[in-house]
Amino acid sequence: MSSRPFPVSVSVSVSVVVPALNEAANLPHVFATLPSWIDEVILVDGNSTDDTVAVARSLRPALRVVVQTRRGKGNALAEGFAAATGDIIVMIDADGSTDGREILAFVTALVEGADFAKGSRYAPGGGSDDLSPMRSLGNRALTMITNGLHGTRYTDLCYGYNAFWARHLDALGLDCDGFEVETLMNIRAARAGLVIREVPSHERSRIHGVSNLNAVRDGWRVLRTILRERRSHRTAESSAPVRAAATI
C-alpha cells in the first residue's frame with residue numbers, strides 16, 4: 001500500500017467492493033483506475049461463465065473473491081459489504097462506468113465528517129456519457145418523489161457510486177436483491193440521520209458487454225421501494241410508544 005493522500009493523523013482503511021457478472025473484458029480498465037493506497041478489493045462474483053475471477057486475480061493477486069449465493073446487484077453488494085474489513089467501504093461497478101480515480105473524493109468527504117458519501121451525476125462537476133433521455137427523466141422523477149416523501153434533498157437517486165463508514169452498515173439494513181439497492185441505501189441513510197454529502201461523479205459508458213439494467217422494470221422496482229419504505233417508516237412512527245411525562 002502506498003502512502004495515503006491524507007494527513008498523517010488520519011488512519012483509516014479502505015475496502016472497495018466490486019460486484020461482477022461476466023465482466024472479464026472490463027476488469028483490466030476498472031482495476032487500472034483504482035488508487036494504490038486502497039487496502040482491500042473484494043470482487044463479488046455472480047457465478048460468471050467467463051474468466052471474470054481468473055482475470056481479476058491475475059490483475060490483483062491480493063484480491064478477495066466472494067462467490068454470490070443468490071442473484072442480483074443488491075444481494076451482491078450485501079455479501080461484499082459483509083466480507084469487507086475496512087473502516088470505509090466504497091462500492092463501484094465492474095463495467096467501467098465508475099472511475100476509480102474518484103474514490104479519493106468520496107473518501108475525503110467521509111474523512112472530513114460525512115457518514116455517507118453519495119455520488120451524483122447532476123451535482124456541479126458531475127455528468128454522464130451513458131444516461132439516455134428516458135433514464136434521465138425517470139431518475140429525476142424518482143428523485144423528486146423520494147425527496148418529497150422522505151424529506152431528502154438528493155440530486156441523483158439511482159446511481160451506484162457510494163461510500164460510507166463501515167460502522168453504519170447495520171443502519172442501511174440491506175434486504176433487497178436488485179438494482180433498487182442504491183435507492184434503499186439512500187433512503188435508509190437519511191432515515192438513520194447519517195450525515196450525507198453528495199460527491200460530483202462522471203459516469204462513463206460501459207466499455208464491453210450489455211447492461212442487465214432494464215429501465216422500465218427496474219424503475220418500477222425503485223418506485224415500489226420508495227413507497228414501501230415510506231409506509232414502513234409511517235408504521236414505525238405510529239407504533240412507537242408515547243413517552244410518559246416526567247414526574248417529580
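**Salt bridges, sheet and covering helices in a predicted model**

The side chains of Arg 135 and Asp 130 come together in a salt bridge, with 3.0 Å from N to O. This pairing belongs to a predicted model, and it makes a convenient place to start. Both partners are partly exposed: Arg 135 has a relative accessibility of 23%, and Asp 130 has one of 32%. Elsewhere, salt bridges with shared partners tie Asp 175, Arg 188, Arg 191, Arg 228 and Glu 229 into one network. The count of salt bridges comes to 17.

Two further pairs are worth a look. In one of them, Asp 99 meets Arg 101, and their closest N and O atoms are 3.0 Å apart. Here the partners differ in their surroundings, because Asp 99 is buried at a relative accessible area of 10%, whereas Arg 101, at 58%, is exposed. In the other, Asp 95 is joined to Arg 206, with 3.8 Å between the closest N and O atoms. This salt bridge connects distant parts of the chain, as its two residues are 111 residues apart. Asp 95 sits in the loop between β4 and α4 (103-111), and Arg 206 in the loop between β9 (202-203) and α8 (215-239). Asp 95 counts as buried because its relative accessibility of 12% falls under the 20% limit. Arg 206, at 22%, lies between the limits of 20% and 50% and therefore counts as partly exposed.

Attention now turns to the chain as a whole. Its secondary structure consists of eight helices and nine strands. Of the 248 residues in the protein chain, 48% are buried. The accessible surface comes to about 12,100 Å², and carbon and sulfur atoms supply 54% of this area. Among contacts with a separation of 6 or more, 76% are between residues 24 or more positions apart.

Seven strands make up an open sheet with mixed pairing, arranged in the order β3-β2-β1-β4-β7-β5-β8. At its edges are β3 (64-67) and β8 (196-200), each of which pairs on one side only. From one strand to the next, the twist averages 20°. In general, the strands of a sheet pair through backbone hydrogen bonds, in either a parallel or an antiparallel manner.

Strand β1 (residues 14-20) offers a good view into this sheet. On one side, six bridges connect β1 to the parallel strand β2 (residues 40-45). Four bridges connect β1 to β4, and these two strands also run parallel. How do individual residues of β1 fit into this pattern? Ser 15 stands opposite Glu 40 in β2, and its bridge partner in β4 is Ile 89. The next residue along, Val 16, faces Val 41 in β2. Strand β1 is mostly covered, with seven of its seven residues buried. Its side chains fall into two sets: Val 14, Val 16, Val 18 and Ala 20 point one way, while Ser 15, Val 17 and Pro 19 point the other way, and all are buried.

Which helices lie across the sheet strands? One is helix α3 (residues 73-83), which lies across β1, β2, β3, β4 (88-91) and β7 (162-165) and runs at about 150° to β1. Another is helix α7 (residues 181-191), which lies across β4, β5 (116-120), β7 and β8, at about 135° to β5. Strands β4 and β7 are thus contacted by α3 and by α7.

Helix α7 is itself mostly covered, as nine of its 11 residues are buried. These are Val 181, Glu 182, Thr 183, Leu 184, Met 185, Asn 186, Ile 187, Arg 188 and Ala 189. Arg 188 has already appeared above as a member of the salt-bridge network. After the helix comes Gly 193, which has a positive phi near 80°.

The last feature lies on the surface, where Ile 145, Leu 149 and Leu 227 form a nonpolar patch. Together these three residues present about 190 Å² of accessible area. Ile 145 belongs to helix α5 (residues 133-150). Its relative accessible area is 31%, and Ile 145 is therefore partly exposed. This value is also over the 30% that a residue needs to join a patch. An α-helix has 3.6 residues a turn, so residues three or four places apart point the same way.

Key: Residues numbered from 1 in each chain as written. Predicted model: local features only at pLDDT ≥ 70, side-chain atom pairs only at ≥ 80, totals over all residues. Heavy atoms only, no water. Patch = residues over 30% accessible without salt bridge, like charges linked within 9 Å, V, L, I, M, F, W, Y side chains within 5 Å. Areas by Shrake-Rupley, 256 points an atom, 1.4 Å probe, with all protein chains shown as cover. Salt bridge = Lys/Arg side-chain N within 4 Å of Asp/Glu carboxyl O. Buried < 20%, exposed > 50% of the residue type's maximum accessible area, 1.4 Å probe, protein only. Pairing = 2+ DSSP bridges. Axes fitted to C-alpha atoms, helices over the stretch in contact; angles between N-to-C directions. Contact = heavy atoms within 4.5 Å.
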